[in-house]
Amino acid sequence: MEKVDREFQIFAKPVGALCNLRCKYCYYLDKRSLYPGEEALTMTDGMLEKYIIQHIEATTDETIFFSWHGGEPLMAGIDFFRKAVAIQKKHKPAGRTILNGVQTNGTLIDWDWASFLAEEKFVVGISIDGPGDLHNRFRVAPGGEPSLSRVLKGYDILQRSRIRSEILCVVNSYNVRFPLVVYNFFRELGAKYITFLPLVEKRQGTKSGVTRASVPPDEFGRFLISVFDEWVERDIGEIKIQIIDKKYIYNIKATRNQSGLLKAPVKGSMDRRIAESIDAHLTLNVTDKHDNVIFNGSTVISGLEMAGDIDKLKESKSGK
Ligand code: SF4
């Protein structure tokens, strides 16, 4: 009988929308108002245990992965996560593996956190939008103060503690103009895994249908091309970029090892078609100097609802 793939992901938010930052593009802080009058928003012990049991039961893979998000999930405190790990161990079925990942803004990470996260082998995603003002323009503290230095302090502790960390970069209408500044900054930080997430915030009543901080799809496309061209020259096999790093990366790496082809000039290109659903279809190709295709991967980025740009893009596509 054919095996049905039941792969799925659940993000648990142990403190709901609670966060110690006030990023200007945050879509989630407002959700605090869904629980008026409730003082403590931390997931109760009973709910935590119920969730862990149900998640274990629902996971069919050998590895059971827990993703902790926010708000800022570290605001739940180390003891909450100690409890979570103890409950996971109590209910872990024999022969299965349990892993944890936490997505954080990084500002609360200290040596105590690092020692716990390292011991329990957490994977830590940390949100950084680039160096200096590229990060600080939107990612600020409640008083408007920049947050980057606090984030980098946390990131440094993670690195020194050899905790597997991944960078999540929100690409917005500002940092999209500086793809190589952003990418090279992450490389200098020693990043091994990077996710670029396009910012698309709906805003009714505006011409484009989205906020000004949202990234226009064609600019996001150009951003990815620049990053891709840099990555393909220098970092294949060293840095994983989530949107590019499909199964093809292994083929590229094998190709390079076998023939040294990537020493020859390579180029990335991207073809974007606008579908009715306003998705962006990205096709990335790498060719050697003889135009032989040595890499060809496609991906679809959904939800780029840049209504204001659609007509322009359609026109340029039809050559008007
Ligand atoms: S760190 Fe995340 S949850 Fe907190 S304000 Fe920024 S985007 Fe929102």
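**Sheet, core and ligand shell in a predicted model**

The predicted model contains an open sheet of seven strands, paired in parallel and ordered β1-β2-β3-β4-β5-β6-β7.

Me: Which strands stand at the edges of the sheet?
Reply: The strand order of the open sheet is β1-β2-β3-β4-β5-β6-β7. An edge strand has a single partner, so one side of it is left without a neighbour in the sheet. The strands in that position are β1 (11-12) and β7 (240-241).

Me: Which residue of β2 does Ala12 stand opposite?
Reply: β1 and β2 (residues 63-68) run parallel and are joined by two bridges. Opposite Ala12, in β2, stands Trp68.

Me: Which helix gives the largest share of the largest nonpolar core?
Reply: This core has 55 residues, and among those touching the most other members are Ile167, Cys169, Phe186 and Trp231. The largest share amounts to seven residues, and they come from helix α7 (residues 217-234).

Me: Is Val200 buried or exposed?
Reply: Val200 lies in the loop between β6 (193-198) and α7. Its C-alpha atom is separated by 9.7 Å from that of Ser173, 27 residues apart along the chain. A residue with 20 or more other C-beta atoms within 10 Å counts as buried. Val200 has 22 such neighbours, and therefore it is buried.

Me: How many charged residues does the shell around the ligand have?
Reply: The residues around the ligand include Cys19, Arg22, Tyr28, Glu72, Asn105 and Ser127. By class, six residues of the shell are nonpolar and four are polar, while the number of charged residues is two.

Conventions
Residues are numbered from 1 along each chain as its sequence is written. This is a predicted model: local features need pLDDT of at least 70, side-chain atom pairs count only at pLDDT 80 or more; totals for chains, interfaces and linings use all residues. A residue is near a molecule or strand if its C-beta atom, placed from the backbone, lies within 6 Å of it. Ala, Val, Leu, Ile, Met, Phe, Trp, Tyr, Cys and Pro count as nonpolar, Asp, Glu, Lys and Arg as charged, and the others, Gly among them, as polar. A nonpolar core is a set of buried Ala, Val, Leu, Ile, Met, Phe, Trp, Tyr and Cys residues joined through C-beta atoms within 7 Å. A residue is buried if 20 or more other C-beta atoms lie within 10 Å of its own, exposed if 12 or fewer, and partly exposed in between; C-beta atoms are placed from the backbone. Helices (H or I, at least four residues) and strands (E, at least two) are DSSP runs, numbered from the N terminus. Two strands pair if DSSP finds at least two bridges between them.
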